[in-house]
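Work through the exercises below with the structure open. Try each task before reading its solution.

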Amino acid sequence: MLRSQMGHNKRVSQLNDSKNDSKNESSGDLKDIEGIWMGNLTVPGGLELRIVFNISTNPDGSVNASMDTPDQGVSGIPVESVSYKDSNLNLGVKSIKGSFEGTYKENNKTIEGEWKQAGSAFPLVLERVEKVPEMHREQDPVKPYPYTEEEVVYENKEAGVKLAGTLTLPRSEGPFPAAILITGSGQQNRNEEIAGHRPFLVLSDYLTRQGIAVLRVDDRGVGGSTGNVSQATTEDFAGDVLTGVEYLKNRKEIDSSRIGLIGHSEGGIIAPMVAVKSPDVAFIVLMAGQGITGEEISYLQSDLIYRAEGVDNETIAHNEVLLRKMYSVVKEEQNNTAAEEKLREILRAEMANTSEQKIESSDHSEAVIDAQVTSLTLPWMRFFLTYDPRPTLMKVKCPVLAIAGEKDLQVPPEENLEAIDEALKAGGNKDYTVKELPGLNHLFQTAKTGSPSEYSKIEETISPAALEIIGNWISEHTQ
């Protein structure tokens with residue numbers, strides 16, 4: 001599933017649990033397209049993601065196809081329809097409302113075409129590979145680890161969701177303080193895998209070597225976790241984290257009075273929610289957590305990323321006007337059918353005024369609009385736009401560390417850290433630290449511009465300075 005990095009404010013459609021049952025239509029030699037095909041997709045904001053299609057044929061002529069996005073740690077997304085006629089390949093990935101259309105080029109053995117999803121079309125050239133190269137970053141820990149690693153599964157019974165994760169435990173004498181890691185927006189695996197980086201793997205390794213047990217968990221509908229996210233909101237994910245706290249309380253290796261939460265991005269909204277609901281949360285760390293509403297962040301984020309990518313002022317201003325129109329509908333029209341119709345009118349008018357869209361077929365234009373409308377009216381989006389974290393932050397009484405990168409363009413530090421600071425102060429919290437870390441981006445990498453287009457190009461996964469600040473602060477608060 002492709003998660004636009006301009007979309008800290010967008011959750012992608014959920015992965016279906018259904019097995020792949022590709023519909024096949026062919027009048028070409030299927031041997032042309034059998035195998036593993038990989039290409040690099042550049043999404044809004046300039047972030048590059050590897051896209052992989054696995055295509056094979058059965059003896060009866062039917063086709064098995066699936067899609068992977070290795071840089072997001074997601075594999076086995078069903079490709080429900082495969083059509084190959086006269087060198088033209090069409091792959092339909094309904095569960096994430098995406099499709100690839102391309103032409104097989106005999107001379108250089110590539111498939112050149114476009115990936116379409118969520119109202120956008122992106123050029124994508126696929127090349128056949130023997131296997132997908134494994135990404136290994138310098139900070140990725142190498143086995144054998146000097147600590148114990150255990151696969152765990154527990155259940156959020158209220159939601160009927162099974163959650164799967166990894167618990168790392170120091171080998172010294174327990175019971176240990178513990179931290180639960182909470183991912184950012186969009187479905188992510190336990191390592192919070194993005195742009196070839198695994199920040200939660202690096203963070204959990206660092207903390208466990210310092211004597212802190214760490215639980216990192218696959219989001220609903222990803223990896224070993226079950227659940228359908230199409231109707232879920234940030235509050236529902238807070239319920240999953242509460243279940244994790246209960247799970248750790250019942251582990252003999254864990255000191256139940258020293259269980260804390262570390263939330264990145266959207267996880268930085270979830271951690272205070274859980275801390276307010278559960279007296280068992282001993283501390284929280286907010287990494288690029290937000291202190292203002294999602295709508296406010298969306299305008300700031302869009303402006304900053306466009307500017308970093310060199311987009312002109314007129315386009316930036318036009319984009320904000322469009323966003324404000326659409327968000328106004330989402331906030332004011334609670335009836336989904338009515339909201340969808342109003343949003344369609346806005347988007348049709350926008351397409352009619354955009355020369356590039358005039359050459360699109362009407363069928364594709366409507367598919368683009370449908371995808372946009374669906375994402376805008378999801379319960380998650382309605383909640384994200386209007387939720388103000390400040391009242392919850394005012395109720396947090398446990399120790400808080402809030403950090404943000406100076407060059408974060410997705411959750412801008414100045415506005416968000418100031419709001420977090422003011423809310424904690426107003427609520428009378430006696431032990432909190434708020435820090436802006438120079439030179440770091442949204443992923444806490446040392447960056448030049450902070451643009452998401454840099455993420456995959458930077459070798460560093462998390463700045464050692466950020467790791468040290470988090471590790472030292474937790475050690476001070478759990479000794």
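Buried means under 20% relative accessible area, exposed over 50%, and partly exposed in between (1.4 Å probe, protein chains only). This is a predicted model: local features need pLDDT of at least 70, side-chain atom pairs count only at pLDDT 80 or more, and totals for chains, interfaces and linings use all residues. Residues are numbered from 1 along each chain as its sequence is written, and side-chain values use heavy atoms, with hydrogens and water left out.

**Exercise 1.** Describe the overall fold content and dimensions of the protein chain.

*Solution.* Start with secondary structure: the chain has 12 helices and 18 strands. These are DSSP runs, numbered from the N terminus (helices: H or I, at least four residues; strands: E, at least two). Next, compare the radius of gyration, 23 Å, with the 23 Å from the globule rule for 479 residues; the two are close, so the chain is as compact as a globular protein of that length. The radius is taken over C-alpha atoms, and the rule is 2.2 Å times the number of residues to the power 0.38. Then take the principal axes: the C-alpha trace spans about 70 × 50 × 45 Å. Finally, buried residues account for 57% of the 479.

**Exercise 2.** Locate the negative surface patch and place E436.

*Solution.* List the members: E406, E414, E415, E418, E422 and E436. Patch residues have over 30% relative accessible area and no salt bridge, with like charges joined within 9 Å. Find the main contributor: helix 11 (residues 413–426) gives the most, with four residues. E436 sits in strand 18 (residues 432–437). Its relative accessibility is 41%, so E436 is partly exposed.

**Exercise 3.** Contrast R190–D218 with K143–E149 as salt bridges.

*Solution.* Recall the criterion: a side-chain nitrogen of Lys or Arg within 4 Å of a carboxyl oxygen of Asp or Glu. The whole structure holds 24 such bridges. In K143–E149, the closest N and O atoms are 3.5 Å apart. K143 is exposed at 55%, and E149 is partly exposed at 32%. In R190–D218, the closest N and O atoms are 2.7 Å apart. R190 lies in the loop between strand 13 (176–182) and helix 1 (199–209), and D218 in the loop between strand 14 (213–217) and helix 2 (234–249), so the pair ties together parts 28 residues apart in sequence. R190 is buried at 13%. D218 is buried at 4%.

Conventions:
Patches are made of residues with over 30% relative accessible area and no salt bridge: like charges are joined within 9 Å, nonpolar side chains (Val, Leu, Ile, Met, Phe, Trp, Tyr) within 5 Å. Accessible areas come from the Shrake-Rupley method with a 1.4 Å probe; for residues, only the protein chains shown count as cover. Lys and Arg count as positive and Asp and Glu as negative; His and the chain ends are not counted. The place of a charge is taken as NZ of Lys, CZ of Arg, CG of Asp or CD of Glu.
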